Amino acid sequence: MKKLNVAAIVIFGMILLVPLVTFNFKPNQISVIDNRMLTDLPSLNMGLIEYIKTLDIYFQDRIGLRTAMITSSEILQDKLFGVLTHPEYANGKDGYVFFKVNPQLTDYNYVSDFANFTAKLQKYCNDRGVNFLFSLDPNKQIVYQQYLPDGVNYKNDRVTDLLNDLTKDKVNHVYTAPALIAASKTSQVYNVKYDAGHWNDNGAFVGISLMLENIKKDYPSLTLPAKSDYNISYVLNTTLPQSYFPIHEEDVLYTPKEPEAVEADKYKDEIKLNSTGWYYSDYVNPSKPNAPKILVFMGSYFENKEKFIADNFSETVFVHSYLNVQDFDYYFNLFHPDIVLFQSADYATDDAYYPQKLINDVNYNLAYKLVQNLPVTPFAGVPGNAGQELLDTAQKSKTQLTDFSLDITGKEIAYAYARIDGQIDDFKVDSSGNKQTIDITLDKSTILNAKNIQLMLISADKKQQNVITLR
């Protein structure tokens with residue numbers, strides 16, 4: 001009996017020790033099941049109360065076997081009580097899984113600011129002769145409200161307010177929820193369980209088709225995708241994303257039967273991307289060289305969805321939006337699109353994805369056509385060897401995408417532009433102390449092959465310009 005007691009004590013002690021022995025001390029760790037960074041060891045410099053709170057969270061986050069214990073708890077509570085305790089998910093009716101439903105609070109100032117920001121992007125495009133479309137796409141809760149847990153009344157008034165503000169600001173936009181709700185009567189446009197945060201390929205086909213129908217109004221020759229263009233198959237998923245919670249659900253997969261567009265490798269490892277928006281792709285369609293080019297600023301709904309768009313255009317570029325929109329002009333200069341599509345899920349139109357300060361403070365150049373008739377005076381200039389300086393930079397560059405920079409002499413400027421063989425691009429103006437520089441990123445071949453290069457400098461008061469021929 002005594003031996004059994006000793007054995008029990010040893011086993012119990014080992015059980016207690018294992019989480020401590022396997023404690024995760026590594027910094028900058030990401031939790032797959034939480035989809036977030038784990039708390040790091042707090043600094044002693046913070047206040048005592050804050051230090052104790054953070055230290056407690058640190059131990060909760062880093063305890064050994066945490067993922068296994070959370071997963072086991074999820075499975076047990078789901079089996080016993082029908083409750084999904086995952087930090088990201090909640091059970092609905094009839095087996096549906098949703099993201100956790102939080103109170104829907106409307107920040108009216110933010111919604112208005114986001115609509116104004118979108119109008120700013122549209123003006124940037126339209127003033128340069130480029131079409132613009134904003135697409136707002138619903139979350140799963142809106143399309144499948146009837147399967148939300150009892151007691152949940154998902155109103156999401158902020159969507160109505162945003163749509164009203166977009167209309168007031170005359171932004172060309174589509175809201176795909178009505179089409180998706182209609183399609184959900186006959187097909188599954190969001191999976192029952194798998195990937196609660198995004199539409200599936202059925203949903204993407206419906207939503208993107210609606211966007212293309214809007215674009216087709218200005219480009220009548222544009223062809224729309226048909227389901228007959230795709231082989232439709234199914235892929236089995238056995239766990240929820242960012243989780244080890246077991247499921248058994250097939251996800252629909254559309255594969256183009258005869259794809260025309262091919263992925264281009266240019267700029268793949270060179271293009272500037274913010275860490276919050278890592279996705280980038282560039283597809284070229286050799287079968288349609290005269291079709292328009294489209295630049296898509298997209299969220300996660302559009303990841304790997306080029307197959308529904310790229311065959312309709314001569315070139316299709318996807319750039320993850322979020323913080324990358326502050327460099328909207330950077331991408332515009334590189335790809336010179338005919339159409340810009342700005343896509344966002346309704347839950348992503350908030351401060352976490354598009355910080356309010358950023359969308360309020362970001363500024364882009366006026367279109368040169370709006371200031372091209374200003375009187376020309378030599379109020380400011382660039383060094384006499386500026387043309388050779390650009391050429392030298394291009395020749396020495398080891399990358400295709402090359403940063404060019406020139407010092408400004410004379411008085412302060414507001415905007416700067418380059419006219420290279422007829423194509424106008426925007427410089428960024430950087431003011432540091434009493435010094436001003438103008439910066440632009442271009443494909444180095446643009447400079448190496450250019451026959452004519454002009455710079456246009458606009459004065460700070462926007463009342464005069466200087467036009468300087470470099471080549």
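User: Buried means under 20% relative accessible area, and exposed means over 50%. By that cut-off, is W199 buried or exposed?

Analyst: This is a predicted model, so take the values as computed from it. W199 comes out at 4% relative accessibility. The cut-off for burial is under 20%, so W199 counts as buried.

User: How many of the chain's residues are there, and what percentage do the buried ones make up?

Analyst: Some context on the fold first: the chain has twelve helices and 20 strands. Among contacts with a separation of 6 or more, 70% come from residues 24 or more positions apart. The chain exposes about 23,700 Å², with carbon and sulfur atoms supplying 54% of that area. As for burial, the chain has 471 residues, and the buried share is 46%.

User: In the open sheet of seven strands, what is the strand order?

Analyst: Pairing in this sheet is mixed. Reading across the open sheet, the order is β6-β5-β13-β11-β12-β10-β9.

User: And which strands stand at the edges of that sheet?

Analyst: An edge strand here has a single partner strand, so one of its sides is left without a neighbour in the sheet. That description fits β6 (173–175) and β9.

User: What stands opposite Y280?

Analyst: Look at β10 and β12, which run antiparallel and are joined by five bridges. Y280 has its opposite number in β12. That residue is V319.

User: How many residues of helix α9 are buried?

Analyst: Helix α9 covers residues 328–335. The buried ones are F328, D329, Y330, Y331, F332, N333, L334 and F335. Just past the helix, H336 takes a positive phi of about 45°. Helix α9 is largely enclosed by the rest of the structure, because the buried count is eight of the eight.

User: How many residues apart are D201 and K307?

Analyst: Their side chains meet in a salt bridge, at 2.7 Å from N to O. D201 is in helix α8 (residues 201–216), while K307 is in the loop between β11 (293–298) and β12 (315–320). The pair therefore links distant parts of the chain, and the separation is 106 residues.

User: How far apart in sequence are the parts that D327 and K272 tie together?

Analyst: D327 and K272 form a salt bridge with their closest N and O atoms 3.7 Å apart. D327 sits in the loop between β12 and α9, and K272 in the loop between β9 (262–263) and β10 (280–284), so the tied parts are separated by 55 residues.

User: Of that pair, is K272 buried or partly exposed?

Analyst: Its partner D327 is buried, with a relative accessible area of 13%. K272 has a relative accessible area of 40%. Values between the 20% and 50% cut-offs fall in the middle class, so K272 is partly exposed.

User: Which residues do salt bridges that share partners join into one network?

Analyst: The whole structure has 13 salt bridges. One of them pairs D127 with K123, with the closest N and O atoms 2.8 Å apart. Where salt bridges share partners, the network they make is D201, K305 and K307.

User: How do the rings of F134 and F342 sit, and at what angle are their planes?

Analyst: The structure holds 37 aromatic pairs. F134 and F342 have ring centres 5.1 Å apart, and their pair is tilted because the planes are at 55°. F134 is in β5 (residues 131–137) and F342 in β13 (residues 339–345), so the pair ties together parts 208 residues apart in sequence. Both residues are buried, and the plane angle is 55°.

User: What distance separates the ring centres of W199 and Y301?

Analyst: Y301 is buried at 2% relative accessibility. The planes of the two rings are at 55°, so this pair is tilted, with the centres separated by 4.9 Å.

User: Which residue's charged end sits over the ring of F98?

Analyst: F98 belongs to a cluster linked by ring pairs, whose members include Y96, Y144, W199 and Y301. In another charge-over-ring case, R128 lies over the face of Y124, at 3.5 Å from the ring centre. For F98, the charged end is 5.2 Å from the ring centre and belongs to K140.

Terms used. Residues numbered from 1 in each chain as written. Predicted model: local features only at pLDDT ≥ 70, side-chain atom pairs only at ≥ 80, totals over all residues. Heavy atoms only, no water. Buried < 20%, exposed > 50% of the residue type's maximum accessible area, 1.4 Å probe, protein only. Helix = DSSP H or I, 4+ residues; strand = E, 2+ residues; numbered from the N terminus. Salt bridge = Lys/Arg side-chain N within 4 Å of Asp/Glu carboxyl O. Phe/Tyr/Trp six-rings, centres within 6.5 Å; stacked < 30°, edge-to-face > 60°. Lys NZ or Arg CZ within 6 Å of the ring centre and 35° of its normal. Contact = heavy atoms within 4.5 Å. Areas by Shrake-Rupley, 256 points an atom, 1.4 Å probe, with all protein chains shown as cover. Pairing = 2+ DSSP bridges.
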